[in-house]
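Let's take a walk through this structure together, one stop at a time. Keep the 3D view open as you read.

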Amino acid sequence: MPGGHRRARGELSRPTPFDRERRLHVAALLALSGGAFLARLWPILVGGGLYSYILYDDGVFFGAAAAVVNGRLPYRDFFFVHPPGIALILAPFALVGQVIGDANGFALARVSFMLLGGVNTALVGILASRHGRLASVFAAGLYAFWYAARLADRTTVLIGPQTALLLLALIVLRPAPTPRRAALAGALLGLSLSVQVWQVVPIALIGIALLLRCRRDGAAWSIDWRAPAAYAAAAIATAATICAPFFIAAPHRMFEMVLLDQLQRPEMGRSLVVRLEMLEGWPARLGRDVPDAIIVLIAILVLAAVAFVVTRARGVRLWGAIFAVETAYLLITPSLYLHYAAWSAPLLMALLGTAVALGLARLRPSIPTRGFAAAVLGTALALFAPLALVSFSQREGSPIDRPAIAAALGPAQCTAADVPTLLLELDRFSADIRRGCPQPVDVTGASYHVARGKLPAGDIYGGRRGSTAFQRLLQKYLTSGDAALVMRAGTDGLTPATRFHIGREFPALAQYGRTTVLTRLPADRSRCDPSYPTLCLPSPPPRLGCGRLYYDRFPVLPPDPHRVDRNQDGTGCEH
């Protein structure tokens with residue numbers, strides 16, 4: 001008997017084929033998660049770096065968090081056209097930034113969101129694992145390297161946290177939606193709603209799915225209200241708890257900015273084919289060269305694959321419904337940017353991964369084990385390698401010459417900027433707030449508020465130029481301090497009148513890459529070209545034409561290295 005017991009223990013200690021497959025599956029998900037992190041980090045490192053300008057929005061969201069930890073509230077004290085959840089998620093990083101500097105806190109947040117991309121990759125795999133390990137690995141790999149998905153969690157934007165919260169909610173509900181599990185899922189999705197109002201779509205669809213789950217009571221069927229009620233109560237309570245303090249502080253402005261300003265954003269004039277191209281995740285430079293017929297064909301094939309899975313696999317109809325409604329919304333929403341495609345990415349990748357696994361499963365009975373393994377490996381390489389190649393070949397981020405810009409700003413106490421990232425990277429954002437400097441945070445987004453309903457369809461930039469209220473806001477803010485930084489003059493829609501208004505206040509100009517630095521005349525004019533006695537323009541390079549200057553009709557002396565006095569009458573930029 002003891003000997004038999006020892007053999008039994010020995011047998012139990014040996015790894016079974018099931019154990020080996022499980023360990024291999026876990027290792028594959030970990031490897032793909034690591035690959036996803038690198039696919040988000042590498043293009044930034046070889047591009048502008050972690051301290052570069054990547055997107056306008058990521059600086060707005062981190063700037064909102066920095067403003068909150070310094071005592072300012074969105075809606076009441078600055079423009080913010082989203083719910084407050086993202087500012088609270090980023091607040092710990094902004095708080096750390098108060099100690100190590102805004103720039104370092106921002107870089108830490110960016111890396112953390114890239115890590116979140118790796119976590120989301122694993123969550124997609126876990127969600128798809130209900131249909132087998134192959135479905136799990138293929139779904140995770142597609143999400144890890146798909147271009148649009150990596151755009152959304154390479155930096156501090158809204159979709160990364162939303163994706164994690166949605167996937168966690170679906171995983172929690174997967175075994176059986178008991179009231180307790182439904183409440184937890186509702187709390188997770190309520191948190192996601194506090195990040196972006198778009199999340200009302202999956203919240204509503206999951207709620208409907210819970211309502212449609214019936215139970216048999218004798219000979220009749222009835223709805224079990226406990227799980228839907230717990231789900232709805234938790235979602236509403238969580239979203240209300242997060243948003244209520246901000247709503248109480250500024251109810252009217254929060255309602256206008258989060259709902260009315262978003263609902264009345266102008267149509268960007270994107271055609272159906274362009275929208276399909278963006279939803280398929282083509283990089284901008286590559287997508288322009290792809291024939292429209294190929295883009296439409298790919299969309300048809302993807303829809304066919306989704307339809308195949310929804311009709312053949314159990315438990316994926318909810319995924320398909322959420323994906324379908326989200327995609328339909330993205331096809332009609334007035335405002336669409338490339339990274340928005342990542343909103344529907346996790347469930348699309350779970351569906352496509354399941355489709356690939358189902359297709360391979362049909363081959364398994366007809367080929368030997370080694371042949372099936374070769375088919376799986378070949379399919380993985382065929383799918384993952386091109387996606388990874390596209391992702392790793394990108395160079396992203398515009399460098400910011402922080403030392404040169406800081407030297408040009410000198411002792412300026414308050415600095416205005418049309419891009420909050422500039423102030424964050426210069427460690428001036430929080431310091432300026434503590435000094436009481438004006439800080440609207442979302443300068444460009446303010447146009448949706450002050451010019452609500454007046455921005456024309458298809459020409460947002462022209463609409464901003466034509467909005468007197470928005471131009472006055474730009475003039476007031478950009479001249480409110482001792483210096484101004486401008487990076488997006490075209491996107492902001494700066495009119496000549498606004499440029500010259502800023503130029504009259506700041507007669508010294510310097511250009512560093514994409515950033516224009518405008519300051520008052522320095523006491524030391526050794527860096528100022530003597531051809532422009534009333535201004536302070538650096539000698540070329542770069543050459544600054546009138547289109548890049550903020551001045552008109554100013555005195556010019558020979559030799560005029562910037563060539564702004566075309567008729568050589570001694571006056572520059574005579575518009």
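We'll start with a loop: P559 sits between β7 and β8 (571-572). Bear in mind as you look that this is a predicted model. The peptide bond that leads from P558 into P559 is cis, and its omega is near 15°. Right there in the loop between β7 and β8 you'll also find D560, which has a phi near 50°, a positive value in a residue other than glycine. Why point these out? Because most residues other than glycine have a negative phi, and most peptide bonds are trans.

Now look for another cis bond. P540 and P541 are joined by a cis peptide bond too, with omega at about -5°. P541 belongs to the loop between β6 (515-519) and β7 (554-555).

Next, let's turn to the helices. Two packed helices are described by the angle between their axes and the distance between the axes, so those are the things to look for at each stop.

Try helix α3 (residues 56-69) and helix α4 (residues 85-100): their axes come within 7 Å and cross at roughly 70°. An angle from 65 to 115 degrees counts as roughly perpendicular, and α3 and α4 are therefore roughly perpendicular to each other. Their crossing is right-handed. On the α3 side, the contact is made by F61, F62, A64, A65, A66, V68 and V69, while α4 brings in I86, A87, L90, A91, F93, A94, L95 and Q98. Sort the residues of this contact by class and you get 14 nonpolar, one polar and no charged.

How do the axes of helix α9 (residues 179-193) and α11 cross? They come within 7 Å and make an angle of roughly 30°. Angles under 35 degrees count as roughly parallel, which means α9 is roughly parallel to α11. This crossing is right-handed as well. Among the residues that make the contact are A182, A183, G186 and A187 of α9, along with A230, Y231, A234 and T238 of α11. The residues of the contact between α9 and α11 divide into 15 nonpolar, three polar and one charged.

It's worth pausing at T238, which is part of helix α11 (residues 226-249). Setting aside its neighbours within four places in sequence, T238 touches A187, G190 and L191. Its C-alpha atom is 8.1 Å from that of G186, although T238 and G186 are 52 residues apart along the chain.

One more pair to find: helix α13 (residues 272-279) and helix α16 (residues 317-332). Their axes come within 9 Å and cross at roughly 135°, which makes α13 oblique to α16. Here again α13 passes α16 in a right-handed crossing. L272, R275, L276 and L279 of α13 meet T327, L330, L331 and I332 of α16. By class, the residues of the contact between α13 and α16 come out as six nonpolar, one polar and one charged.

Last stop: the empty space inside. The structure holds one cavity of 30 Å³ or more, and the largest cavity has a volume of about 40 Å³. Which residues line the largest cavity? They are I159, Q162, T163, L166, Q199, W343 and P346. Helix α8 (residues 159-173) supplies the largest share of that lining, with four residues. The lining of the largest cavity has four nonpolar, three polar and no charged residues.

How values were computed:
Residues are numbered from 1 along each chain as its sequence is written. This is a predicted model: local features need pLDDT of at least 70, side-chain atom pairs count only at pLDDT 80 or more; totals for chains, interfaces and linings use all residues. Side-chain values use heavy atoms; hydrogens and water are left out. Helices (H or I, at least four residues) and strands (E, at least two) are DSSP runs, numbered from the N terminus. Contact means heavy atoms within 4.5 Å. On a 1 Å grid over the protein atoms alone, a cavity is a set of points where a 1.4 Å probe fits but cannot get out, and a pocket is an open set with protein on both sides within 12 Å along at least five of seven lines; lining residues have an atom within 4 Å of a point. Grid points are joined across faces, edges and corners, and a volume is the space filled by probe spheres set on the points. Ala, Val, Leu, Ile, Met, Phe, Trp, Tyr, Cys and Pro count as nonpolar, Asp, Glu, Lys and Arg as charged, and the others, Gly among them, as polar. Axes are lines fitted to C-alpha atoms, for helices over the stretch in contact, and angles run from 0 to 180 degrees between N-to-C directions. Angles under 35 degrees count as roughly parallel, over 145 as roughly antiparallel, 65 to 115 as roughly perpendicular and the rest as oblique. A crossing is left-handed if the near helix is turned anticlockwise from the far one by less than a right angle, and right-handed if clockwise.
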